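Hi,

Here is the structure I promised to pass on. Have a look at it first, and then read my notes underneath.

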Amino acid sequence: MTMGVQKSDPIIIVGGGAFGLSTALHLTRSGFTNISVYEKDDHIPPRYSAANDLNKIVRAEYEDPFYTDLTIKAIAEWKTPLFAPFFHQTGFLHCVSGDASQKAIDTLARFRASAEKNAQIKPHVVPLDNVNDVRQACWQLDGPLTGWNGYLNRFDGYAHSGNALAAVYRAAQAAGVRFYLGEHGAVDEVVYVSTLQGRKSSGIRTKDGKFHPSSLVIVAAGGAVGRLVPELGKKVVAKSWSVAHVQLTDEETSALRGIPITYARDLGFLFEPDPKTNLLKICPMGGGFINTDPKTGISHAPDTLEESAFVPDHDEKQMRKLLAHTLPALANRPLVKRSLCWFADTDDSDFIIDYVPGTSDSVVVLSGDSGHGFKMFPIFGSWVSDFLEHSRQRNAQWRWKQTDPNAEKGNWGGDVSWRLGESLELKDIRPKVVSKL
Ligand SMILES: Cc1cc2nc3c(=O)[nH]c(=O)nc-3n(C[C@H](O)[C@H](O)[C@H](O)COP(=O)(O)OP(=O)(O)OC[C@H]3O[C@@H](n4cnc5c(N)ncnc54)[C@H](O)[C@@H]3O)c2cc1C
Ligand SMILES: *[C@@H]1O[C@H](CO)[C@@H](O)[C@H](O)[C@H]1NC(C)=O
């Protein structure tokens with residue numbers, strides 16, 4: 001039917017976040033020669049990217065062994081020269097506290113079973129049956145750790161995601177990828193022309209009004225994907241989680257050097273502090289927050305950063321509770337750099353790597369990161385170049401899934417096996433603005 005994209009054809013990638021940059025890098029490695037990335041922020045790492053962050057968990061144990069195997073491959077790549085400066089194999093201390101719900105306990109048990117079932121991971125797993133075991137695994141955790149139990153997986157670690165984005169940006173530039181940033185990089189729409197078969201993209205239009213022709217448009221716009229690919233409908237829900245930090249001193253950072261990612265499924269997680277900024281990052285997790293357009297019923301990431309520059313009170317309490325359990329000296333410190341971080345959620349947590357139907361194979365969408373995509377950063381783009389070369393996904397689960405529009409519900413927050421709680425609407429959690437008059 002279609003000839004497929006040729007190596008010298010112009011290819012446009014929309015979005016300079018995790019999926020877009022990884023794709024740009026791997027397309028150059030596969031011999032594609034005319035690649036342009038359009039990113040709406042004026043620098044990379046872009047502030048709108050979910051990966052513009054100090055750290056992301058790189059954990060290999062998944063309930064679905066397919067993703068476990070992929071993460072093992074990704075971790076091998078994290079150890080190669082381009083990525084190694086950003087990968088820190090500190091281990092993943094994965095527990096529940098004594099207050100955890102049965103759902104949290106069951107989820108932890110499934111992750112642990114997955115780790116122990118895998119021959120490569122198993123030797124790195126240390127059982128933590130009680131509070132003493134947790135303290136043995138990490139002496140810096142000097143809080144009460146009431147009821148904590150779980151396991152430590154030394155195979156896992158974290159990646160400095162913002163710095164990794166910057167490194168791949170430089171590598172892609174060096175390999176000849178062109179970048180359009182800021183007002184020249186903000187994409188308004190994918191442009192289509194009519195064909196005998198229906199329609200086909202001829203390129204994109206940027207917010208400055210310019211048209212840019214291409215043979216193929218690859219949309220990797222994170223939580224904003226629905227604005228450019230409305231055909232996704234409710235297959236993808238823009239969702240966010242809270243992030244905040246404690247500002248430490250040099251000495252405090254030094255004392256916590258090398259601690260594992262410390263995660264209680266019912267409270268959230270924290271990371272080894274970043275030695276450059278002395279910031280210790282905390283995420284409370286939970287069902288997350290959505291931003292549903294009442295007219296369409298579809299959730300989109302907000303357009304401005306200001307709208308996401310806070311965390312709701314409930315999450316702040318939970319982050320303080322996590323600190324009180326683990327590092328009580330920090331429990332009443334100010335929480336700084338607070339924000340909601342937006343990602344693209346699917347009901348089965350599967351990624352989407354596919355042509356948008358009815359576009360004559362001229363538009364590819366990379367989406368559905370579901371809040372667990374960054375660990376795949378070193379290899380994600382290789383699946384896209386495979387897909388373009390063979391017109392077949394590595395995993396049938398990554399296909400564009402046809403759904404019955406009447407059956408779509410769009411807010412499955414609490415149903416996802418590894419999440420706790422329902423999603424709330426952004427409009428309901430916004431801080432109340434007190435009138436100064
Ligand atoms: C709080 C939080 C914690 C997370 N923790 C983890 C973790 O521990 N481990 C893990 O593996 N993953 C984690 N993730 C998920 C990870 O961050 C994402 O999977 C990953 O960033 C997805 O990449 P992306 O390219 O799809 O989107 P993004 O990285 O968000 O990039 C999208 C880019 O598209 C740009 N863009 C959007 N619209 C336009 C437009 N119209 N024109 C031009 N540019 C546009 C944006 O500016 C942005 O730079 C977490 C996410 C969140 C929110
Ligand atoms: C890349 O594609 C653009 C758009 O078609 C074209 O103007 C440009 O000449 C191409 N560059 C190369 C090096 O082929």
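Let me start with a salt bridge: Lys-7 pairs with Glu-389, and the closest N and O atoms are 2.8 Å apart. Lys-7 sits in the segment before strand 1 (10-14) while Glu-389 belongs to helix 9 (residues 377-390), so this pair ties together parts that are 382 residues apart in sequence. Both ends are partly exposed: Lys-7 has a relative accessible area of 34%, and Glu-389 comes out at 37%. Do keep in mind that this is a predicted model.

That pair is one of 19 salt bridges found in a search of the whole structure. Two others caught my eye.

The first links Lys-56 and Asp-53, with 3.0 Å from N to O. Unlike the partners above, Lys-56 and Asp-53 are both buried.

The other brings together the side chains of Glu-189 and Arg-205, at 3.3 Å from N to O. Glu-189 is in strand 10 (residues 187-195) and Arg-205 is in strand 11 (residues 198-206), so here the parts tied together are 16 residues apart in sequence. Glu-189 is partly exposed at 37% relative accessible area, and Arg-205 is partly exposed too, at 28%. Going back to the buried pair, shared partners join Asp-53, Lys-56 and Lys-281 into one salt-bridge network.

Next, the helices. How are helix 2 and helix 9 arranged where they pack? Helix 2 (residues 65-78) meets helix 9 at an angle of about 115°, and their axes are 7 Å apart. On the helix 2 side the contact is made by Leu-70, Lys-73, Ala-74, Glu-77 and Trp-78, and helix 9 brings in Phe-377, Pro-378, Ile-379 and Trp-383. By type, the residues of this contact split into 7 nonpolar, 2 charged and no polar. Helix 9 is also where Glu-389, the partner of Lys-7, is found.

One last residue to click on is Thr-253, which is in helix 7 (residues 250-255). Is Thr-253 buried or exposed? Its relative accessible area is 6%, which is under the 20% cut-off, so Thr-253 counts as buried. Setting aside neighbours within four places in sequence, the residues in contact with Thr-253 are Leu-248, Pro-273, Asp-274, Pro-275 and Asn-278.

Over to you, and shout if anything is unclear.

Cheers

Methods: Residues numbered from 1 in each chain as written. Chains lettered and ligands numbered in written order. Predicted model: local features only at pLDDT ≥ 70, side-chain atom pairs only at ≥ 80, totals over all residues. Heavy atoms only, no water. Salt bridge = Lys/Arg side-chain N within 4 Å of Asp/Glu carboxyl O. Helix = DSSP H or I, 4+ residues; strand = E, 2+ residues; numbered from the N terminus. Buried < 20%, exposed > 50% of the residue type's maximum accessible area, 1.4 Å probe, protein only. Contact = heavy atoms within 4.5 Å. Axes fitted to C-alpha atoms, helices over the stretch in contact; angles between N-to-C directions. Nonpolar A, V, L, I, M, F, W, Y, C, P; charged D, E, K, R; others polar.
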